[in-house]
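Me: Please take me through the structure shown below, one question at a time. I would like the reasoning along with each reply.

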Amino acid sequence: MSISKLSHIMEMFRFGDKELSDADKKELVEEVLLMTLARATSADCNIDSVEVATVQAIIKEATGSEVSEKDVRVAAISDLFKEASLGRYLSKIKSKIDVADRQLVVQALGKLIKVDGKVSPFEVDFFNGVVDSLDLTPAQMAGLAEDPIKR
């Protein structure tokens, strides 16, 4: 995946009510994962090489796509964030991706934040902001799904 393919995020922002195909939804999830994790690498004002390598590994494991170190670093400081914050992007797309995909993003973010063995207050704030923006409940964060009520 290349940073130049972040078209789905921008498209969601401009044309948010458009219905997505399964392929478009998959690409959107990949973009959201890249943008969130890349942005997290700079949450504590220090883009560490171990964090960049972890972003690459997480994306490869979760989606099968490869992303370059350069693309991770560019996404971390992307001009997209001049138009709107990551939280605003995530709030806009949350209804376009499944709960499982939102959980994937948050779980991957938690893994990334802990990779260097320390968690800063900035990283905690960033994590909480992502969870809020993706509108995940505590039950969803814990991986709990409600069984339908049978009558």
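**One helix, then the core around it**

Me: On the other side of α8, away from its buried face, which residues are exposed?

Reply: Exposed stands for over 50% relative accessible area, buried for under 20% and partly exposed for anything in between, with a 1.4 Å probe and protein chains only. Helices here are DSSP runs (H or I, at least four residues; strands are E, at least two), numbered from the N terminus. On the other side of α8, the exposed residues are Pro121, Asp125 and Asp132.

Me: What kind of model is this?

Reply: Residues are numbered from 1 along each chain as its sequence is written, and side-chain values use heavy atoms, with hydrogens and water left out. Local features need pLDDT of at least 70, side-chain atom pairs count only at pLDDT 80 or more, and totals for chains, interfaces and linings use all residues, since what you have here is a predicted model.

Me: Where do the buried residues of α8 lie, seen down its axis?

Reply: The buried residues of α8 are Glu123, Phe126, Val130, Val131 and Ser133. Judged by the directions from the helix axis to the C-beta atoms, these buried residues fall within an arc of 170°, so they line one face of the helix.

Me: Which helices do the buried residues of α8 pack against?

Reply: The helix has 13 residues and reaches 18 Å from first C-alpha to last, close to the expected 18 Å; that expectation is 1.5 Å times one less than the number of residues. Packing rests on contact, meaning heavy atoms within 4.5 Å. By that test, the buried residues of α8 pack against α2, α3, α6, α7 and α9 (138-141).

Me: Which residues does Val130 contact, leaving aside its neighbours within four places in sequence?

Reply: Val130 is one of the buried residues of α8. Once the neighbours within four places are set aside, the residues in contact with Val130 are Thr36, Leu86, Leu90, Val106 and Leu109.

Me: Which helix gives the largest share of the largest nonpolar core?

Reply: A nonpolar core is a set of buried Ala, Val, Leu, Ile, Met, Phe, Trp, Tyr and Cys residues joined through side-chain atoms within 4.5 Å. The largest one has 33 residues, and Leu37, Val130 and Leu134 touch the most other members. Two or more residues each come from α2 (22-41), α3 (49-63), α4 (69-76), α6 (86-93), α7 (99-114) and α8 (121-133). The largest share, nine residues, belongs to α2.

Me: What arc do the buried residues of α3 span, seen down the helix axis?

Reply: In α3, the buried residues are Glu51, Val52, Thr54, Val55, Ile58, Ile59 and Thr63. They pack against α2, α4, α7 and α8. They line one face of the helix, because seen down its axis they fall within an arc of 160°.

Me: What is the phi of the residue that follows α3?

Reply: The helix has 15 residues and reaches 21 Å, close to the 21 Å expected. The next residue is Gly64, with a positive phi near 85°.

Me: Which residue just after α8 takes a positive phi?

Reply: The residue lies in the loop between α8 and α9. Its phi is near 60°, a positive value in a residue other than glycine. At 47% relative accessibility it counts as partly exposed, and it is Asp135.

Me: What distance separates the C-alpha atoms of Leu104 and Ala62?

Reply: Leu104 lies in helix α7 and is partly exposed, with a relative accessible area of 25%. Beyond its neighbours within four places in sequence, Leu104 is in contact with Val29 and Ala62. Leu104 and Ala62 are 42 residues apart along the chain, and their C-alpha atoms are separated by 8.1 Å.

Me: Which residue meets Glu30 in a salt bridge?

Reply: A salt bridge is a side-chain nitrogen of Lys or Arg within 4 Å of a carboxyl oxygen of Asp or Glu, and the structure holds five. Glu30 is buried, at 8% relative accessible area. Its partner sits four residues away in helix α2, which means about one helical turn. At 2.6 Å, N to O, that partner is Lys26.

Me: How many helices does the protein have?

Reply: Buried residues make up 43% of the 151 residues. Among contacts between residues at least 6 apart in sequence, 74% join residues at least 24 apart. There are zero strands, and the number of helices is nine.
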